[in-house]
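Biologist: I am new to this structure and should be grateful for a close look at a single part of it. Please take the nonpolar core as the subject, and then set it among the elements around it.

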Amino acid sequence: MNTRHPVPGYLDEGGHYGRFGGRFSPEALVAALDEVTEAWDKAKADPDFQAELSALLADYTGRPSPLTDAKNFSAHCSGARVLLKREDLNHTGSHKINNVLGQALLTKRMGKTRVIAETGAGQHGVATATACALLGLECVVYMGEEDTRRQALNVARMNLLGAEVIPVTIGSRTLKDAVNEAFRDWVANVDSTHYLLGTVAGPHPFPSMVRDLHYVIGAEAREQVLERTGALPDAVAACVGGGSNAIGIFAAFVPDDSVRLYGFEAGGDGVQSGRHAASITGGSPGVFQGTRTFVLQDEYGQTVPSHSISAGLDYPAVGPEHAWLAESGRATYSAVTDADAMEAFRLLCRTEGIIPAIESAHALAGARTIGAELGPEATILVNLSGRGDKDVNTAAAYFGLTGDDEGQQA
Amino acid sequence: MTTLQSKLAQAKEQGRAALIGYLPAGFPDVESSIRVVQAMVEGGCDVIEVGLPYSDPTMDGPTIQKAADMALVAGTTPKDVLAVVRATAETGAAALVMSYWNPIERYGVDAFAADMAAAGGAGVITPDLIPEEAEPWIAASDAAGLDRVFLVAPSSTDARLALTCQASRGFVYAASLMGVTGTRAEVSGMAERLVERTRVVTADSGLPVCVGLGISNGAQAAQVAAYADGVIVGAGFCQRILDAPDLETGLVAVRSFATELAEGVRSAR
């Protein structure tokens, strides 16, 4: 399977994508960031590492993930053909495991024994706890106190896997604060510890390294679509929070000029309402958590809290490569409201028998818009980045299925 | 010569390290923070770092996080920060700003440098800006005649020490340990070694090396003052305001803490 990837011409040695990206981090972490950069460059070129990772992706994760023709859902996308890349069928239930296995192997190569991670909904935390259990690494996961309450089941999963979950009780007590705490831990424990960042954000080399580790999604999907349809898709759709699943599937298609790339951000109550997590659509360029990118910020540069029904997209910034793809016009980003995402969620459950993650439902809602635009002749590849088991409570409350009167208020 | 440079030179002539105190502007509110700064200077601070409170202070421990958070809740803006800088300069102390990078970029790098200089500020400390990313800031601080203070850490390679000191003006900030801000029971043994290594690359320029992180009493200040050109204290001042039942009590505690530290830096050599 193809885990190799071309380095795009727009990435420079300092990790800049045009005016985005780079390394806005304390000097104390520069040595560790250099160490990770060097270790990753070596690992990428090392056939032994690639073989070890490929074996895990095949025999542990279950790759390649299938491509499903969503023939019934197609009717709700103006008749366009919809092909689902089934990252939801990976071990631990989402694309997150691709990155985690790679970085966990890298941690061992660097001779480190302890891994820290941040998590919002818990998917990255669970994936990290899983890889650490497999590879015998100590694992500490930082999670906003709010999120530990909303995602108690995932906290239990991480505990079962042997990880320590530390609730973060400062700031807005959500994902961004968990990232802040992880950076504070890392600077104090950098000799023993690798920070296993879960998305394509943060200081160089994280955005490109995490992209490289998710490149397999797009590489597989490109071959699968060609084999299935005899042609490239007309459009690729993915949800974008930090943007790791989206960059993973986009990266393989960036050189294919005929393929339109669409990223769907969390529109929450609507971008106009101010209650959303759409950093590109509704934010502005700034520096946040180690990188220059689009950020939700006020006129003084203070971070504005994000909002989304989907905890995994509830982040006030986006990976710098997406910022670059947006600014260059190679990819198009727009916002999907909670309501539209939940309608697409409902439709996929009912028409295909697949309960998607609410994150991925944003991409499904986007596919409906693309279908309306491109018409029934079009083929749309959708990254179904995760499964919805974790979202059953949220969805049941949203649709009023819980027997109480919380419906639509979730 | 900036007021920072003259304060450091003056301390050196007196055969001692300078005392540098940190306080977030607007903590606990803008007016009160000016009074706290005045108390710090009355107690013996030569230089004040006025913190620009930021929503995501990744390099700060719980005490400064809390202080900055209170300042933000009180509605502190960059204009307020500049007002505190002006008031600080009026005390006779050298006034610096310490800020995460995004608020400065949002303000406008050139505009911030110009407004800092106009407010009587001497320079800016940028803890999450490394020289490789600092081209616009280097140009703006040169144009405005401001000092620019970058950080070195125990993990910095010799090559990075050289690069960072070359980009710095006023002094270079040596982080005494690998960790976030906050008081510590003991000063890290890494501090003295880092200062020694830094002095190798500042031998020609004579750039002062000041040490911060974890210094929280007069004895520790004396210990660090034995080998550093300046001793930086932050969380200890914030903690005294947080612990005080009212501002007046807090001011007394801050003044007396500054006095203790000022005696510390004078008893070292």
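Modeller: Two residues are taken to be in contact, or to touch, if their C-beta atoms, placed from the backbone, lie within 7 Å. The model under discussion is predicted. With that cut-off, B:Leu96 touches B:Leu4, B:Val47, B:Ile48, B:Glu49, B:Val50, B:Gly121, B:Ala122, B:Gly123, B:Val124 and B:Ile125, where residues up to four places away in sequence are not counted.

B:Leu96 belongs to the largest nonpolar core, which has 232 residues, and together with B:Val231 it has the most contacts inside that core. The element that gives the most to this core lies in chain A: helix H8 (residues 206-229) supplies 10 residues. Within chain A, at least three residues of the core come from each of domain 1 (16-60 + 95-206) and domain 2 (64-93 + 215-398).

Several elements of chain B may be examined for burial. In helix H10 (residues 218-225) of chain B, 6 of the 8 residues are buried, and the helix is therefore largely enclosed by the rest of the structure. Its buried residues are B:Gln220, B:Ala221, B:Ala222, B:Gln223, B:Val224 and B:Ala225. They pack against helix H9 (190-202), strand E8 (209-212), strand E9 (230-233) and helix H12 (247-266) of chain B.

Helix H11 (residues 235-243) of chain B is also largely enclosed by the rest of the structure, because 7 of its 9 residues are buried. The buried residues are B:Ala235, B:Gly236, B:Phe237, B:Cys238, B:Gln239, B:Arg240 and B:Ile241. Their packing partners in chain B are strand E1 (18-24), helix H2 (30-43), H3, E9 and H12. Strand E9 and helix H12 of chain B thus appear among the partners of H10(B) and among those of H11(B).

Turning to chain A, strand E6 (residues 138-144) has 6 of its 7 residues buried, so this strand is largely enclosed by the rest of the structure. E6(A) pairs with strand E5 (residues 114-119) of chain A in the parallel sense, over 6 bridges; here A:Thr119 has A:Met143 as its bridge partner. Helix H4 (residues 123-135) of chain A joins E5(A) and E6(A) in a right-handed β-α-β unit. E6(A) also runs parallel to strand E7 (residues 164-168) of chain A, with 5 bridges between them, and A:Glu164 in E7(A) is the bridge partner of A:Val140.

One residue of chain A illustrates burial in detail. A:Thr61 lies in helix H2 (residues 47-61) of chain A and counts as buried because it has 22 C-beta neighbours inside 10 Å. Its C-alpha atom is separated by 4.8 Å from that of A:His91, although the two residues are 30 apart along the chain. Leaving aside neighbours within four places in sequence, A:Thr61 is in contact with A:Leu56, A:Asn90, A:His91, A:Ile97 and A:Leu101.

The two chains also meet: 32 residues of chain B are in contact with 27 residues of chain A. On the side of chain B that touches chain A, two or more residues come from each of helix H3 (62-73), helix H5 (101-107), strand E6 (151-152) and helix H8 (158-167) of chain B. H5(B) provides the largest share of that side, with 5 residues.

As to confidence, the predictor gives the complex an ipTM of 0.96 and a pTM of 0.96. Chain B has a mean pLDDT of 97, and 100% of its residues reach 70 or more.

Key. Residues are numbered from 1 along each chain as its sequence is written. Chains are lettered from A and ligands numbered from 1 in the order in which they are written. This is a predicted model: local features need pLDDT of at least 70, side-chain atom pairs count only at pLDDT 80 or more; totals for chains, interfaces and linings use all residues. A nonpolar core is a set of buried Ala, Val, Leu, Ile, Met, Phe, Trp, Tyr and Cys residues joined through C-beta atoms within 7 Å. A residue is buried if 20 or more other C-beta atoms lie within 10 Å of its own, exposed if 12 or fewer, and partly exposed in between; C-beta atoms are placed from the backbone. Helices (H or I, at least four residues) and strands (E, at least two) are DSSP runs, numbered from the N terminus. Domain bounds come from an automatic or database domain assignment. pLDDT is the predictor's confidence in each residue, from 0 to 100. Two strands pair if DSSP finds at least two bridges between them. A crossover is right-handed if, with the strands pointing away from the viewer, the path from the first strand over the helix to the second runs clockwise.
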